[in-house]
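The following exercises are to be worked with the sequence and the coordinates at hand. Each task is followed by a solution in steps.

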Amino acid sequence: MAPRSDSQNLATGSGVSDGSDQSSIDPIFHLLRILPFSFLRPPRLRLKIPSFTLPSPMTVYALILLTYFLVVAGFVYDVIVEPPGIGSTQDPVTGTIRPVVFMSGRVNGQYIIEGLSSGFMFVLGGIGIVMLDLALDKNKAKSVKASYAVAGVSSVVIAYVMSMLFIRIKIPGYLH
Amino acid sequence: MGGKTEPAKSESMATATTRSPDLINSSFFSFKSLKLKTKQQELLLRISILGLVYILAFIARLFSVLRYESMIHEFDPYFNYRTTLFLTEKGFYEFWNWFDSESWYPLGRIIGGTLYPGLMVTAALIYWALRFLRFFVHIREVCVLTAPFFASNTTLVAYFFGKEIWDTGAGLVAAVLIAICPGYISRSVAGSYDNEAVAIFALLLTFYLFVKAVNTGSLAWALGSAFGYFYMVSAWGGYVFIINLVPLYVLVLLITGRYSMRLYIAYNCMYILGMLLAMQIRFVGFQHVQSGEHMGAMGVFLLMQVFYFLDWVKYQLNDTKLFQTFLRITVTSAILVGGIALGVGTASGYISPWTGRFYSLLDPTYAKDHIPIIASVSEHQPTAWSSFMFDYHILLFLFPAGLYFCFKRLSDATIFIVMYGLTSLYFAGVMVRLILVATPAVCLISAIAVSATVKNLTSLLRTKQKVSQTGSTKGAGSSKASSKVTLDQSQPFQKNGAIALLVGVFYLLSRYAIHCTWVTSEAYSSPSIVLAARGAHGNRIIFDDYREAYYWLRQNTPTDAKIMSWWDYGYQITAMGNRTVIVDNNTWNNTHIATVGRAMSSYEDEAYDIMRSLDVNYVLVVFGGVTGYSSDDINKFLWMVRIGGGVFPVIKEPDYLVNGEFRVDKGASPKMLNCLMYKLCYYRFGELTTEYGKPPGYDRARGVEIGNKDIKLEHLEEAYTTSNWIVRIYRVKPPTNRL
């Protein structure tokens, strides 16, 4: 019966099914019992309301990292301003079209690919620091800890060097 | 103090026995008396660090005062300065009831009811306090230095906030990071006398007091957070962020099962008292019960009452089965009643829908299609990756790492800072201006990452002593001996690695400091009203044309003259030129602005009719063709056409474009070559040679030679052009007498 399967409450999750019809104080249950279900016979189903379990913190963290990547890569800028994926310039001598990766001239402008690659570098740097912390976890084998440490340090170094390179290309007068 | 009394006793014993080494003994004991216990050393270190950070935050923002002079920057701060001047001269009641007839002629503006008074009242209080102490400073100096002063206070609040969320180490790092972060400096340099200068301090204070209230459950802290919220409401329109973030946080806590009496006390007190206090500001009025943006807070408030009621019923009832059914009924009926109330309120119009400004944050494409005024402001554009990098530097790496540490150690406080960081970073991605709101959260979370990483590394350095102690105790069996050997082998490697990584961390932080100082010096310290450029020999050339033009207006026009210009310059003209303007930066009346836009983009005859109807005496335009200044009125012209065309369909944007392209040279459309803005900007420009090797009439900002050089004005005459042709003022001639 629909009201019977309804009685699995939302707060605790696992079902404590209602006992007999007469002891229920639910008015809607009584109403439904009288009106359609006095002459209709509902089939016997083995359905359960899906219980809602909270995801673990690390799952949420992974999703958040994905959103962080999108925001920092300038995804909203891409959607609204709709820049090309990669810019192009014409070589004045030969006349061939050459691609331009970084939009130059303004601080607040980008092409799609340059945004995505910079966003990836930022997330890589963050993950590097996380791996450094995982390397200090006492419960793992030494080789695992060592590889985490090496991976973490190399990620941070690569991410920092690449980000500095990108910003130097984009803003020619950087740090002068 | 224990450290001091012991040497005193030994000193008396020493002097009792010998007399000759008196001097050496006393100096030796004075050094010994300075030796503090570890706790006192730590306190001294913390206080000195905070003191240095306080001073650093202040002096990092003084570049423009040292380079130019102590003046107000930009456009909006001039209005704030004018109102603060009025407040200090006439008193609070005149200020609160002020109707200004000098702007938005002929409509006027109710200033008392359409501004956020927090900034002006704060500056006036500081001014009166200084005068009370007999420091007779000018109010302009107080206004210029208000923002750095409050930035220093923000670092202190950041320290306490970091201490609340994580520990004192994180608090200190947060204070240092926020003191020099370019995202915050950009809107709080000396001279940037704008609402955000005070609002970020109020925002962080409110959040800190609220988190403290949730952690302790104390009514006093909740009361403090309500007053902090009142200060924020009085200071900035961005208070809507607080009134939506705090209920969202409460909702997340309820979902994750962290409902507690502390949360109940904190939220109820803050919401009710905060709402009542916010209604004292006339500009906000009854929005807390009438506006759609504030309904989330009310909904969560009612949900909290339902939770409390259910908790109480559960406590009274001993029957779990009965309670489950009761829970079901109550939750469904509460949601039903809430939904019906919201529906009735929205349908009847009592609850107003979300305003365009905030709706465009949720749906970023809305402003581009529907509200050109919001879309035209350069600060409202979405953010590219380079703006993030410019304003945050290595904090962009530390932010995800800090989030990881917060998720590892979830508590009520860390959940709050995570939510604040994520929501504010999303909004910062939608609008460049909101990077400012995200900065405190990013600094705090990055501080957690730095503090946790440094703690891990230094604990690695310290384990050597512990292992050597366990190694020294006698261990039976060969396995312990072999493990001791392997540990000893890895010890120096680990220690060296930890030292290398610590050096790396300090290197990164030092690069951050260098970046921040460079960005502050080069990008964020320009007053915008005074332009600077590098001359041919690398020397700095200053263009002070704006102030030259405004002072000319002040001294050479009749006092009741009305000036028509584009709305960007309205505040500056009223504050420095002391003349009535038609439209200004408040942009509250779109039709009035569209009328001005229509006048600027029409032929001279139609524009003259519009100007006569508005009683305009002078027209002011900004022109960058001689200096290469690119933020002039010709570059803004298409926005005038769009805004004017939005209200008056007679103005059509394609009339001014050629093949979709905006041109001012010979190939430009005839409507463009003869409209009022073109004529006023390029009058007599055709005779001027601007660059060596280029024909006369070469526009340096657009990089082309202009199309129409022979311009004749029929109804206007040139009144003044500044020395670098940046600001040009024209007088509107009275109509010719009929003969």
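**Exercise 1: The overall build of chain B**

Of the 739 residues of chain B, 52% count as buried, where buried means under 20% relative accessible area, exposed over 50% and partly exposed in between (1.4 Å probe, protein chains only). This is a predicted model, in which local features need pLDDT of at least 70 and side-chain atom pairs count only at pLDDT 80 or more, while totals for chains, interfaces and linings use all residues. Residues are numbered from 1 along each chain as its sequence is written, chains are lettered from A and ligands numbered from 1 in the order in which they are written, and side-chain values use heavy atoms, with hydrogens and water left out.

Task: Describe the secondary structure, extent and surface of chain B.

Solution.
1. Chain B contains 32 helices and eleven strands; helices (H or I, at least four residues) and strands (E, at least two) are DSSP runs, numbered from the N terminus.
2. A box of roughly 120 × 85 × 60 Å along the principal axes holds the C-alpha atoms of chain B.
3. The exposed area of chain B is about 33100 Å², of which carbon and sulfur atoms supply 61%; accessible areas come from the Shrake-Rupley method with a 1.4 Å probe, and for residues only the protein chains shown count as cover.
4. Of the contacts in chain B between residues at least 6 apart in sequence, 72% join residues at least 24 apart; contact means heavy atoms within 4.5 Å.

**Exercise 2: Chain A and the interface**

Task: Characterise chain A, then state how many residues each chain brings to the contact.

Solution.
1. Chain A has six helices and two strands, in the order α-α-α-α-β-β-α-α along the sequence.
2. Of its 176 residues, 32% are buried, and chain A exposes about 10900 Å², with 68% from carbon and sulfur atoms.
3. To the contact, chain B contributes 53 residues and chain A 59 residues.
4. The two chains bury about 5100 Å² between them, 75% of it on carbon and sulfur atoms; buried area is the accessible area (1.4 Å probe) that two parts lose on being put together, summed over both.
5. Trp385(B), Phe397(B) and Tyr404(B) supply 17% of the area that chain B buries against chain A, more than any other three residues.

**Exercise 3: Backbone details in two loops**

Task: Is Trp104(B) buried or exposed, and where does Trp725(B) lie?

Solution.
1. Trp104(B) belongs to the loop between S1 and S2 of chain B, and its phi is near 55°, a positive value in a residue other than glycine.
2. Because its relative accessible area is 0%, Trp104(B) is buried.
3. Pro106(B) sits in the loop between strand S1 (99-100) and strand S2 (109-110), and the peptide bond from Tyr105(B) to Pro106(B) is cis, with omega near 0°.
4. Trp725(B) is found in the loop between strand S10 (716-721) and strand S11 (727-732); although not a glycine, Trp725(B) has a positive phi of about 65°.
5. Trp725(B) counts as buried because its relative accessibility is 12%.

**Exercise 4: Surroundings of Thr595(B)**

Task: Which residues is Thr595(B) in contact with, leaving aside its neighbours within four places in sequence?

Solution.
1. Helix H28 (residues 590-601) of chain B includes Thr595(B).
2. Its relative accessibility is 17%, so Thr595(B) counts as buried.
3. With those neighbours left aside, Thr595(B) is in contact with Ile610(B), Leu614(B) and Phe648(B).
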